[in-house]
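Let's work through some short exercises together. Keep the model open beside you and try each task before reading its solution.

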Amino acid sequence: MRRWILWLLVAALVLAGCSTVQRAKVHQMTYLDLFDTVTYISRYTDDPEGFQKEADEIHESLMEYHRLFDIYHDYDGLNNLKTINDHAGIAPVKVDPRILSMLADCRGYYEATDGAVNVAMGSVLKLWHDARSDAVSNPSGAKLPDRAALEAAKEHCSWDTVILDEAAGTVYLSDPQQRLDVGAIAKGWALQRVAEELPAGILINLGGNVCATGPKKGENTPWIIGVHDPKDQSSYLCTLNLMTGSAVTSGDYQRFFTVNGQNYHHIIDPQTGMPSAYWRSVTILSDDSGLADALSTALFVMDRDRGQTLLNRYGAEAMWVDDQGNCFYSDGLTAYLQQEK
Ligand code: ADP
Ligand code: MG
């Protein structure tokens, strides 16, 4: 396992707050083996050894979810999402109750967003994932997924063929060509479950899904969260105050590949089967990290009015960034703004 232990006074993605009132140092641990992204766990403390142990335990809890929700790897003695996918059209798979619970929430988000966030469209997402992987290993040969293959895959994204049997504890994809891909929701959902068990004063950044369990220890001051500028990731468009709850960003600027000078990113509009063009990034603020993750993807593939309707329904807030670099805020978000660029 590759693990970097960094003791930093100022984290890369979490800016120090008002330094004059800091009574303890912020310590941070970094992990590279969760959900195919980078994880930072931070806490203000005078007990770095105690914190290291605490962070390792948090990492271990997140790792359990990583294995359960993994669609690429098998693990000895574990039925995970890959097992479900591998058994599509063959047989129901007995799974950990957390998988059933997560998928039931995913179905709820699918219904609430009119299909904008659909973890049952793994067959479409796989074509984009494979095209991106091929492009990364061979940029000059980069090509788009085949249009006919995309259209065919779109026929296998229905929730009618996702059979969640709570009583039996099984999941069955009755369509042999259907696949699940929970990349849009799993990180936030797992983070929420883990964070609910933690004491106050911890901040976890799981690949842009940021969750605070309460204000910095020993101070009543919020964590300061930077929202990246999609045009220049070394700078922030604004910073947000976060006492407790989650800030989750979906953006087009970290995972993409280029064909004929045009970038193709990883958030797909289920209507078209193509990367969505509404926004460069959408950031959601919510008490629930799973909800925030689902909404960040959903709002990314819809206009602002539809997005605002969803925010109203769930009591969440959002910041949208368009391709001109304009920022739009939901009414309640401005209360969290610490600083604008
Ligand atoms: P990230 O995971 O990069 O933080 P998101 O939360 O928006 O960003 O999730 C993007 C991932 O979700 C993609 O890599 C893909 O696996 C999947 N995905 C892309 N578009 C959709 C969509 N409309 N509905 C459900 N899942 C999607
Ligand atoms: Mg998401």
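**Exercise 1. Decide whether Cys 238 is buried or exposed, then look for its possible disulfide partner.**

Step 1. Cys 238 has a relative accessibility of 2%, so it counts as buried. Here buried means under 20% relative accessible area, exposed over 50%, and partly exposed in between (1.4 Å probe, protein chains only).

Step 2. A disulfide is a pair of cysteine sulfur atoms within 2.5 Å. By this rule the count is zero disulfides. Cys 238 is in none, and its nearest cysteine sulfur belongs to Cys 327, 6.3 Å away.

Step 3. Cys 327, at 26% relative accessibility, counts as partly exposed.

A word on what you are looking at: this is a predicted model, where local features need pLDDT of at least 70 and side-chain atom pairs count only at pLDDT 80 or more, while totals for chains, interfaces and linings use all residues. Residues are numbered from 1 along each chain as its sequence is written, chains are lettered from A and ligands numbered from 1 in the order in which they are written, and side-chain values use heavy atoms, with hydrogens and water left out.

**Exercise 2. Find the protein donors of the magnesium ion (ligand 2).**

Step 1. Donors are N, O and S atoms within 2.8 Å of the metal (3.2 Å for Na, K and Ca); water is not among the atoms, so sites may look incomplete.

Step 2. The protein donors are Ala 184 (O), Asp 293 (O), Asp 293 (OD) and Thr 297 (OG1), at 2.2 to 2.5 Å from the ion.

Step 3. Ala 184 sits in the loop between β7 (170-173) and α6 (186-195), and Asp 293 in helix α7 (residues 289-300), so the pair ties together parts that are 109 residues apart in sequence. Helices (H or I, at least four residues) and strands (E, at least two) are DSSP runs, numbered from the N terminus.

Step 4. Ala 184 and Asp 293 are both buried.

**Exercise 3. Describe the surroundings of ligand 1.**

Step 1. Ligand 1 is surrounded by 16 residues (each with a heavy atom within 4 Å). Among the closest are Lys 187 and His 266.

Step 2. Now look for polar contacts with the ligand (pairs of N or O atoms within 3.5 Å). The side chain of Lys 187 has an N or O atom 2.7 Å from an oxygen atom of ligand 1. A polar side-chain atom of His 266 also lies 2.7 Å from an oxygen atom of ligand 1.

Methods
Polar contact = N/O pair within 3.5 Å; in protein donor to acceptor, adjacent residues only side chain to side chain.
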